Amino acid sequence: MAQNFTRKSFLAMSGLGKVIKERPDYIRTYPLLILCGRKDLKITLNAAKKWHDSDPTSDYFVIISAGHCANMDKPEEFNMILESFIEGK
């Protein structure tokens with residue numbers, strides 16, 4: 001999949017670090033689901049775990065047999081987790 005990204009795409013992704021940063025004065029008022037595939041890049045898995053650890057009220061799932069595009073790799077499992085999350089909130 002990475003072959004489909006242009007250099008410009010990767011430049012846009014560099015700003016994503018601002019999304020997962022500590023904001024001590026911010027109080028999240030919505031439920032948060034952090035969901036990734038076990039076969040994703042280690043850096044992505046580490047970031048997801050760090051994000052969850054910094055926000056213990058978040059729900060965190062790793063789909064064992066999925067990669068970066070967990071929704072396409074394992075759609076049934078992805079949808080089951082997502083539906084359960086939505087119904088529980």
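Helices and strands here are DSSP runs, with at least four residues for a helix and at least two for a strand, numbered from the N terminus. By that count, the chain has 4 helices and 2 strands.

**Start with the whole chain.** Show the cartoon and follow the chain from the N terminus: the elements run α-β-α-β-α-α. This is a predicted model, so colouring by confidence is a good opening move. The mean pLDDT over the chain is 83, and 73% of the residues reach at least 70. Select residues 7-13 next: this is helix α1, whose mean pLDDT of 59 is the lowest among the elements. Then jump to residues 59-63, strand β2, where the mean is the highest, at 97.

**Switch on the surface.** The accessible surface amounts to about 7,200 Å², and carbon and sulfur atoms contribute 58% of it. Of the 89 residues in the chain, 19% are buried. As for contacts with a separation of 6 or more, 61% of them link residues 24 or more positions apart.

**Now select the core.** Pick Leu-32, Ile-34, Cys-36, Leu-45 and Ala-48: these 5 residues form the largest nonpolar core. Strand β1 (33-37) and helix α2 (42-54) each supply at least two of its residues. In soluble globular proteins, nonpolar side chains tend to be buried together.

Stay on Leu-32 for a moment and display its surroundings. Leaving aside residues up to four places away in sequence, Leu-32 touches Trp-51, Asp-55, Ser-58, Asp-59 and Phe-85.

**Move to His-52.** You will find this residue in helix α2. Is His-52 buried or exposed? Its relative accessible area is 17%, which is under the 20% cut-off, so His-52 counts as buried. Show side chains and look towards Ser-58: a polar contact of 2.7 Å joins the side chains of His-52 and Ser-58. With residues up to four places away in sequence set aside, His-52 touches Ile-34, Ser-58 and Tyr-60. Ile-34 is one of the core residues you selected earlier, while Ser-58 also appears among the contacts of Leu-32.

**Finish with two cysteines.** Select Cys-36 and Cys-69. How many disulfides does the structure hold? The number is 0. Cys-36, a member of the largest nonpolar core, is buried at 7% relative accessibility. Cys-69 has 22% relative accessibility and therefore counts as partly exposed, because buried means under 20% and exposed means over 50%.

How values were computed. Residues are numbered from 1 along each chain as its sequence is written. This is a predicted model: local features need pLDDT of at least 70, side-chain atom pairs count only at pLDDT 80 or more; totals for chains, interfaces and linings use all residues. Side-chain values use heavy atoms; hydrogens and water are left out. pLDDT is the predictor's confidence in each residue, from 0 to 100. A nonpolar core is a set of buried Ala, Val, Leu, Ile, Met, Phe, Trp, Tyr and Cys residues joined through side-chain atoms within 4.5 Å. Buried means under 20% relative accessible area, exposed over 50%, partly exposed in between (1.4 Å probe, protein chains only). Contact means heavy atoms within 4.5 Å. A polar contact is a pair of N or O atoms within 3.5 Å; within protein, one must be able to donate a hydrogen and the other to accept it, and residues adjacent in sequence count only if both atoms are side-chain atoms. Accessible areas come from the Shrake-Rupley method with a 1.4 Å probe; for residues, only the protein chains shown count as cover. A disulfide is a pair of cysteine sulfur atoms within 2.5 Å.
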